[in-house]
Amino acid sequence: PQAGGICSKGVLFSSSCCMCRFMATNDLMLELQKDSIKLDEDSERKVVIMLLKLLEDKNGEVQNLAVKCGALVSFHGSLLSSLLPQLTSPRMAVRKRSILALGHLVPCCSPALFSQLTEHLLTELSKGPPTSNTRTYIQCLATVSRQGGHRVGEHLEKLIPMVVKFTGVEDDELREYCFQAFEAFIRRCPKEMSPHVATVTQLCLKFMTFDPNYNYDDTEEEEDSMDIEDGLDEESDDEYSDDDDMSWKVRRSSIKCLEALISTRRDLLLSFYSSICPTLLTRFKEREENVRADVFAAFSTLLRQTRVGSSHHGLILAGSDVPAIVKAIHRQLKEKSIKSRQGCFCLLTELAHTVPGALEEHIPALIPGIVFSLTDKSTSSTMRIDALTFFHVLLLSHPPQAFQPHMQVLLPPVVACVEDTFYKITSEALLVTQQLVRVIRPQGQAAAAGGFDPKPFVREAFSVTMKRLKATDIDQEVKERAISCMGHMVCHLGDHLGAELQGVLAIFLERLKNEITRLTAVRTITLISASPLKTDLTSILPEALSVLGSFLRKNQRALKLGTLACLTALVTHHAASIKPAALEPVLSELPALVDETDMHVSQVSITLLTCMAKACPSSLAKISSSVLPGVFRLVHSPLLQGGALVAIVDFLQALVLSKTSNLGYSQLLKSLTEPFHSPQSPADGSVIHRQSYHSVARCVAALSSASPKETPSTVAGGRGQLHLFLNSWRSVNNFTCLLIVVLLYLWFKVKTAASCALGSMAVGSLKDYLPFLLKEISAQPRRQYLLLHSLKEVISACPASSLSPHVESIWALLFQNCECQEEGTRNLVAECLGKLTLGNPAQLLPRLKQQLKAGSPLARSTVVTAIKFTIVDHPALIDSLLKDCIAAHNKPSLIRGLLGAVLPHLYKETQIRKDLIREVEMGPFKHTVDDGLDVRKAAFECMYTLLDSCLEGLDVLQFLDHVEEGLKDHYDIRMLTFLMLARLVSLCPAAVLQRLDRLVEPLKATCTTKVKAGSVKQEFEKQEELRRSAMRAVAALLAVPEVERSPSMADFANQIRSNADMASIYQSVQGGEGGGPTESMDMS
C-alpha cells in the first residue's frame, strides 16, 4: 500500500459522522497490520498525528481502535517521540489518553525503547517539575509498570527513591499515584522489590492513617464494651463530609498497596501479623465507606494467605488476635452502610475458615449483627446472602452448644428468609436451617453433652421447609436444598414429626422417581437410613429398592455410587424390613458393575454384597451364576489391589460364614484356584500375572482363616497351592510346615511367595523361627536375598514390643550386609533397617544417623535409603525426630523450616560437573558418559516435589534460574524441566512472565531442532518426544493471557502457527493427545 493512500483518509478521520471515523480507523489498523507496509518519515509523522487526534475522539469505540493502532505500527520510535510531549499537554484528557496509549505500547516495544521511556520519566521527575506534571509522570510510571511487567525491574533501583521522595510532597493526588506505582511494582516485580519492602510497608502504615481533617476519638473506642452502642453515635461519624478533602484517596491507595504486599509475599506473613495487623485493626473505624471496605478486604487477604500458606505461626497469631478483631468489627455489623457490613461478613467468613472454633466465645457479640442484617427492611438481597453465608460457615466451624442458648433469637429470621421470594436467599437459608437442625439436636459425641430441649423449635423449622419441599414450581437449587434440609430433620428430629413423617417419606419417594432431583433424594435416603433414630421406612422400602435397582444401569457415575451407598445403608440398618425378593432387582444389576474397568464402582458393589451376606444371606442363593463369576475374574485380574482387594477378601469371608448352600469353602477355593490348574499359553492370553498370585493368596488365606477345620486338607492337596495362602498365616507353629516352605525355595516359580510365607510363619512363633532365620541369612549367601524378604515380613508384621528382645541381633546382622555389592540386597537391608527403626525411633534413629558419618559410600547410601523407609504417610512417633532428615513428598511439614539451609545444596546438585564427565572408547568410536546425570535427575525430581508441597518457602525466581539451566541439559533433564515449567505456569504465572524472554530461547531451540539424517530410529523417537514435551510447556505458557505481550514469545507463537510441522505438534498436545500441558511427573 502507498503512504499517500493512508494519508488521504485524513478527511474521513475528521468527519462529523462517528461511523465514518470508526471505519476509517479500522481500515488504518488493517493496513498497519500488513508486513508489506512502508512509510517515509513525513508519512509516519502524519499517521502519528492522526492517531493522537483519534485518541481524543468523542466516541469511545474510535478511541479504542486508535489505541490498538498504536500497538500495531512498526514505527514505535516515532510513536513514542510523539506521545511523550503530550504528557505535558494543558488538557488533562490528552495526558490521560497519552498514558493509556503508552501503556499499550510498552508490552510490545523493544527493550531499548522501553529504557528510553523509563529514562525520560526519570529525567523529567529529577528536574522537579510542577506538581501537576509530577502527578502525570508518576501516573504514567504506574501504568507502564502494570503493562510492562518485569521490564521495570531493572530500573527499580533508580525509580523507588524518586517515588519515595514524592510521597513527602503535600499533594493528596500525587501521593495516591505514588502508592499506585508502588502497588504496580510489588505485583509485577516482587523479587526486585524485596530490598524495598520495609520502606514501602512503613510508608503504607504511615499514610493509611493519614486523615488530617478528622479527629478520631480514641478514648471512646478504648472504653467501648462488646455491647452494641447507640445508633446515634454511629450516625454522627457518617455526618462528617468535606468535598474538598482528598486524603481518603491516599488512605485507600496505601491500603491497596498493603494488600498487594500481603498477597505476593506469603513468606513474610509472620512479620505482617506483627507489623501490619495491629494498624489494620485500628482502621476498622475508618470514616469513609469505600476506604473501610478496602481495609476489610486487605485483612481478609491476610487471613486467606494464612489459610493457603500453611503457616502455623500465622494461625497462632490469628487466634490470639481474634478478640481484638471482634471488638473492632462488631459495631460495624449494625451500621447502615451495606458495603461495610458486607466487608465485615467477608472478613468474619475468612476468619472462621482460617481459625475454626476461634469465634465460639464471641458468638453472643456477633448474633445481633447477623440478626440485624437478616431482618432490616433496608438490607439488600446481596447483604442477606452474605450474612447467611457467614452464618452457615459459623455453624459448620463451631460446636452446637455455642448456639443452643440463642436459638429463640436465631431461628425466626432464618425461617423468614426461607420464605423469601428471591430464590438465592431461600437457598442459602435452607442450608443454614439444615445446620440449625443439627444444633437443635446433635448426634454422636455432641449429643452426649446435651440437655437442650428441641421440641419448641421443631414445628417452626418443619413447616417452612415442608412448604418448600412440596412446591414444584421453584428453582432447582431450592428443590435440592429443601430435600436435603428435610432429610436432616428426619435424621435428627424424626421422632418429633409424628404423623407428618409418612407424608415426608412419600414425597422423598416421588423425588426419587424424578430425574432432576433423584441424586439428592438418593443421598437423603442414605442419611435417613443410617440415623440412630431407626426411622421406620417400611412404607417406601419395596418401591424404593426397585427404583434404586434401576439407577444401577444408568450412565451417571455419581448416581451409581450414591445408589450403591444408599443400598448398603438400607441393607445394613433395615435388613429386618427387607424381603429377599425385594433385592432381586438390585442383584440383577450388580454383575455388570463388578468389572476391572472401574475399580471403585466394583469395590462399592462388592461392599454391598458383603452387607447382604451378613444381613440377608438368603438373598444370595442365586449369585453363584450371576455375580460370583465377575468377582473371580476380578480376583485374577492384574489390576486388582488396594481397597477393591480388601473388599473382595471381606466378601469371601462373609460368604463362607453365611453358610449359604453351594457357596461353601471348597466350592469357593476351587473357583479361586482353577486358573492355576489350566495350561497357560501366551498365545491366547491365559498367562497368569504375578499380581494374580498375590490376590488369590490373600483370598485363599481369608477363606482358610474363616474355615480353620477345612484348611489342613487343602495343605495336603499339594505344594502347587501352598504358596497361595501360607503367606497370610500368623499363628502356625508346625516345624513340618517350615520344612515344606524351605523345600519350596527349590521351585523357581514360588521363591518369593515361599520367602514371604517363611517370614509370616516366623511371626507366629518368633522364639522358634527367628533365630533359625537369622542364622540362615548369614549361612546361605545364595539365598540371602529371599531370606531377607522373610526378615522384612517379620519386621513389618510384628509389634515393636514382641520384636524388642531381638532388635540387637537383627541390627547387627543388617549392618553386616549393608555393604553388599548387590544393589537389590542393599535395598532390602535398607528397608529392614527403616522399618525396624520405626518400632523404636528414640533409640534407633540416632544410631542410624551416626552411621552416616562413617563407613564406605555403599554403607552410607544404604543408611540414607533406610531413613527414606522411616517416612510414612500417616502421622508417626518418629516424625518429631525426623526434622533433620528430608521428607518433602510424604511429610513436607518436616522440611519447610529447613529450606533455607537445604536449598543451596539441592541447587548445587543441579549443575553439570565436568569432572564427572568422561570419554569411553568403544572400538573406533568415543562415547561420552556423564556420571553426574543420575544425581542431577534426582535433584530436579526433588525440586518438582517441592513445587507441590513447599511452594510458599521457595524463591520462585531463584528456582526458575535452575529450571532455565535444566532446559539446556541432557535429554532426561530437559523432559523433567519442561514438566516443571508447565507446572510453574499454573502455580506462579507472574514469576514465569518475568523470566519469559530467557525461557523462550531453549524452548524454541528444542522445538526447531532436527535429527541428523542417517540417525537410528531411537534418536528420531527421542527427539520427537522431546519436542512434544517442549510444546506442552509452550501450550501452558500461551494459555496465560499476558504472554504474547512479550515480543520474543509473540514471534515464537507466529513461527509455530506458520510452520506446518510445529503447528501439528501444538494442535496434538492442545487436543490432549499424549497428555495435557500440565501433565504430571511420575514420581514412582
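**Salt bridges and a helix pair**

Modeller: Searching the whole structure turns up 38 salt bridges. Bear in mind that this is a predicted model.

Biologist: Take glutamate 286 and arginine 251: what makes them a salt bridge?

Modeller: Their side chains come to 2.8 Å, N to O. The cut-off is within 4 Å for a side-chain nitrogen of Lys or Arg and a carboxyl oxygen of Asp or Glu, so the pair qualifies.

Biologist: Why do you say that this pair ties together separate parts?

Modeller: Glutamate 286 sits in the loop between helix 17 (277–282) and helix 18 (289–308), while arginine 251 belongs to helix 15 (residues 247–264), so parts 35 residues apart in sequence are tied together.

Biologist: Why is glutamate 286 called buried?

Modeller: Its relative accessible area is 0%, and buried means under 20%, so glutamate 286 fits. Arginine 251 is also at 0% relative accessibility, so arginine 251 counts as buried too.

Biologist: Which residues are linked with these two in a network of salt bridges?

Modeller: The network holds Asp211, Arg251, Arg283, Glu286 and Arg287.

Biologist: Now arginine 459 and glutamate 500: how do you know that they form a salt bridge?

Modeller: The closest N and O atoms are 3.7 Å apart. With the limit at 4 Å, this pair is therefore counted. Arginine 459 is in helix 26 (residues 455–470) and glutamate 500 in helix 28 (residues 500–513), 41 residues apart.

Biologist: Why are arginine 459 and glutamate 500 called partly exposed?

Modeller: Arginine 459 has a relative accessible area of 46%, and glutamate 500 has 35%. Partly exposed lies between the 20% and 50% limits, so both values fit.

Biologist: And what makes aspartate 969 and arginine 936 a salt bridge?

Modeller: The closest N and O atoms are 2.9 Å apart, and the cut-off is 4 Å, so they pass. Aspartate 969 lies in the loop between helix 51 (956–966) and helix 52 (971–987), and arginine 936 in helix 50 (residues 933–949), 33 residues apart. Both aspartate 969 and arginine 936 are buried.

Biologist: On to helices. Why is helix 9 called roughly parallel to helix 11?

Modeller: The axes of helix 9 (residues 131–148) and helix 11 (residues 172–188) cross at roughly 20°, coming within 8 Å. Angles under 35 degrees count as roughly parallel, so that is the label here. The crossing is left-handed.

Biologist: Which residues make the contact?

Modeller: Among them are Ile138 and Leu141 of helix 9, and Leu174 and Phe185 of helix 11. The contact residues divide into 9 nonpolar, 5 polar and 4 charged.

Note on methods:
Residues numbered from 1 in each chain as written. Predicted model: local features only at pLDDT ≥ 70, side-chain atom pairs only at ≥ 80, totals over all residues. Heavy atoms only, no water. Helix = DSSP H or I, 4+ residues; strand = E, 2+ residues; numbered from the N terminus. Buried < 20%, exposed > 50% of the residue type's maximum accessible area, 1.4 Å probe, protein only. Axes fitted to C-alpha atoms, helices over the stretch in contact; angles between N-to-C directions. Parallel < 35°, antiparallel > 145°, perpendicular 65-115°, else oblique. Left-handed = near helix turned anticlockwise from the far one by under 90°. Contact = heavy atoms within 4.5 Å. Nonpolar A, V, L, I, M, F, W, Y, C, P; charged D, E, K, R; others polar.
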